[in-house]
Amino acid sequence: MPAVSAPAKVLVTGCSGFLGSHVPAAFDKAVLGVDAVVHVASPMIMAGPEDPPEKLITPAVEGTLSLLRSIEAYGSGVKRIVVTSSMASVMEPHEGPYEYTEDDWNNAVIKLVEKLGKAATPMDKYRASKTHAERALWNYMEVNKSKLRFEAVTVNPPFIYGPVIHEVPSKAQLPGSAQYLLYQLTRADVSNPEIAASFLANHIDVRDVAEVHVDAIEREEVAGHRLLIGCGPLALQDLLDAANALLADGSVTELSLKIAVGVPGAANPVRKDFATITPRSQELLGRKFIQLPEMLRDTLLSFKNKNLV
């Protein structure tokens, strides 16, 4: 089946969010006359400690399935659906170094959340919601493959950082990943070498994620793929070193927050044990992703320009 090429009409769900600003039955009319659909509207909120897991899982799954049903029934021109999933649906815990691939699923978090219910952590409830939603997509595509006119692709990013371009009235209303970034940069406990050396996350710039969504629409060869993307694992100290280097060379100045120093070099002995993401998707796309110094510079400058730091 051919991919979608310009000029084309693309429906993007969730445009008001962090990622959407860069790229239920209510979908019935929306899919009329479009060539492709990009679904980024799975809930990005965190459940509270007393909330049942279903508060996140149900809307994530039903939102995806509702859109698929609408495309099947009314989107006769739709050739491809691109769904923003997450490495949260992939990264099941493993001991020692491990490279995650398209074949990996976070089945462990589903079992954990089923066991603990409300007592599961907000992050685990979120991970379970992303895993359930993506499973629902691929199950739907498999069960209905003989009659579907469209193909599916998922984009599975890790932590998404990068400049904020949508309106943010206050620091408290920054995207969750941006608030997490600011917290890590200003932690008071990073003089402890073990904390400074701790694995923070795999990461990627929001602008690269947006570009990969376009690739997922336009590139014929990515149909049916889970596009696992990322720039590699970060230790907390890597983030601190990059931020302090930007301050030292004048790339970023006059911030209203104090960047922690940590323990330079603390992560070097343990870096070999960090989890990594297969480079297959990046190689398939032929892309070079924005690296940490540029990503962090542009992120901090965007916060500064909005008077948030």
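Colleague: Which residue of strand 8 stands opposite Asn 156?

Modeller: Leu 228 stands opposite Asn 156. Note that this is a predicted model, where local features need pLDDT of at least 70, side-chain atom pairs count only at pLDDT 80 or more, and totals for chains, interfaces and linings use all residues. Residues are numbered from 1 along each chain as its sequence is written, and side-chain values use heavy atoms, leaving out hydrogens and water.

Colleague: How many bridges pair strand 5 with strand 8?

Modeller: Start with the general idea. Strands of a sheet pair through backbone hydrogen bonds, either parallel or antiparallel. Two strands count as paired if DSSP finds at least two bridges between them. Strands (E, at least two residues) and helices (H or I, at least four) are DSSP runs, numbered from the N terminus. Here, strand 5 (residues 151–156) pairs with strand 8 (residues 226–228) over three bridges, in the parallel sense. Strand 5 also runs parallel to strand 3 (residues 80–84), joined by five bridges. Within that pairing, Val 83 has Thr 154 as its bridge partner. Thr 84 is matched with Val 155.

Colleague: What is the strand order of the sheet?

Modeller: The order is 1-2-3-5-8, in an open sheet of five strands with parallel pairing. Strand 1 (10–13) and strand 8 each have a single partner strand, so they stand at the edges, with one side lacking a neighbour in the sheet. From one strand to the next, the twist averages 15 degrees.

Colleague: Which strands does helix 4 touch?

Modeller: Contact means heavy atoms within 4.5 Å. Helix 4 packs on the sheet and touches strand 3, strand 5 and strand 8. Angles run from 0 to 180 degrees between N-to-C directions, and axes are lines fitted to C-alpha atoms, for helices over the stretch in contact. The direction of helix 4 makes about 160 degrees with that of strand 5. Helix 7 (residues 206–218) also packs on the sheet, touching strand 1, strand 2 (36–39), strand 3, strand 5 and strand 8. Its direction makes about 155 degrees with that of strand 3.

Colleague: Are the residues of strand 5 buried or exposed?

Modeller: In a regular strand the side chains alternate between the two faces of the sheet. Buried means under 20% relative accessible area, exposed over 50%, and partly exposed in between (1.4 Å probe, protein chains only). Glu 151, Val 153 and Val 155 point one way, while Ala 152, Thr 154 and Asn 156 point the other; all are buried. That is six of six residues, in a strand that is mostly covered.

Colleague: What angle do helix 3 and helix 4 make?

Modeller: About 120 degrees, with axes 9 Å apart, for helix 3 (residues 107–116) and helix 4 (residues 122–143). Angles under 35 degrees count as roughly parallel, over 145 as roughly antiparallel, 65 to 115 as roughly perpendicular and the rest as oblique. This pair is therefore oblique. The contact includes Ile 110 and Leu 112 of helix 3, with Ala 128 and Arg 135 of helix 4 among its residues.

Colleague: Which way does the sign of phi go at Glu 254?

Modeller: Phi is positive, about 55 degrees, although Glu 254 is not a glycine. Glu 254 lies in the loop between helix 8 (236–248) and strand 10 (276–277). It counts as exposed, at 72% relative accessibility. Asn 307 also has a positive phi, near 60 degrees. Asn 307 sits in the segment after helix 10 (292–305). Its relative accessible area is 71%, so Asn 307 is exposed.
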